[in-house]
Amino acid sequence: MSAPASPTSDLPAEVALLQAALNHSAQGNTTPPPLPPGIAPEKLQAAALYLLAILRQNAGQLEAAEVAYGRALELRPEFPEALNNLGVVCKTRGQLTEAETFYRRAVALRPHYAEAHNNLGVVYK
């Protein structure tokens with residue numbers, strides 16, 4: 001079973017932006033970095049919910065993580081990282097059919113998403 005994906009360079013720009021803002025703040029900077037043009041507000045909201053879900057999942061708060069991933073997906077249905085991580089939540093709870101569905105959706109959106117492919121393989125073991 002895989003841990004939730006954490007923000008990396010493969011994530012959408014809005015997730016990377018929020019992660020950079022959090023890092024910026026953690027370093028004691030009080031002025032937020034500028035927002036680049038063209039990022040829709042719903043994408044920023046989805047990214048914030050995604051990051052909140054990771055925090056909840058890492059804290060073992062699976063129900064809260066599931067809710068946050070679900071809300072992120074309502075705002076941005078084509079969010080493979082959120083789908084993959086929601087699959088991890090389901091797998092952790094023993095909901096293998098649901099986990100498989102989320103992993104398959106993630107792979108359909110990003111065919112070369114190695115982590116989602118791996119997680120799908122784990123479900124089949």
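**Aromatic contacts around Tyr50 and Phe79**

The charged end of Arg76 is placed over the ring of Phe79, at 4.6 Å from the ring centre. The model in which this contact appears is a predicted one. A second contact of this kind involves Arg110, whose charged end sits over the ring of Tyr113 at 4.9 Å from its centre.

The aromatic rings may be considered next. A pair of such rings is described by the distance between the centres and the angle between the planes. Searching the whole structure yields two aromatic pairs. In one of them, the ring centres of Tyr50 and Tyr69 are 6.2 Å apart and the planes stand at 55 degrees; the pair is therefore tilted, since only planes over 60 degrees apart count as edge-to-face. Because Tyr50 belongs to helix α2 (residues 41–58) and Tyr69 to helix α3 (residues 62–75), this pair ties together parts that are 19 residues apart in sequence. Both Tyr50 and Tyr69 are buried.

The other pair joins Tyr50 to Phe79, with ring centres 5.0 Å apart and planes at 35 degrees, so this pair is tilted. Here, too, distant parts of the chain are linked: Tyr50 lies in helix α2, whereas Phe79 lies in the loop between α3 and α4 (80–92), 29 residues apart. Phe79 is buried, as is Tyr50.

Taken together, Tyr50, Tyr69 and Phe79 form one aromatic cluster. Tyr50 pairs with Tyr69 and also with Phe79, and the ring of Phe79 in turn has the charged end of Arg76 over it.

Terms used
Residues are numbered from 1 along each chain as its sequence is written. This is a predicted model: local features need pLDDT of at least 70, side-chain atom pairs count only at pLDDT 80 or more; totals for chains, interfaces and linings use all residues. Side-chain values use heavy atoms; hydrogens and water are left out. Rings of Phe, Tyr and Trp (its six-membered ring) pair if their centres lie within 6.5 Å; planes under 30 degrees apart count as stacked, over 60 as edge-to-face and the rest as tilted. Helices (H or I, at least four residues) and strands (E, at least two) are DSSP runs, numbered from the N terminus. Buried means under 20% relative accessible area, exposed over 50%, partly exposed in between (1.4 Å probe, protein chains only). A charge sits over a ring if NZ of Lys or CZ of Arg is within 6 Å of the ring centre and within 35 degrees of the ring normal.
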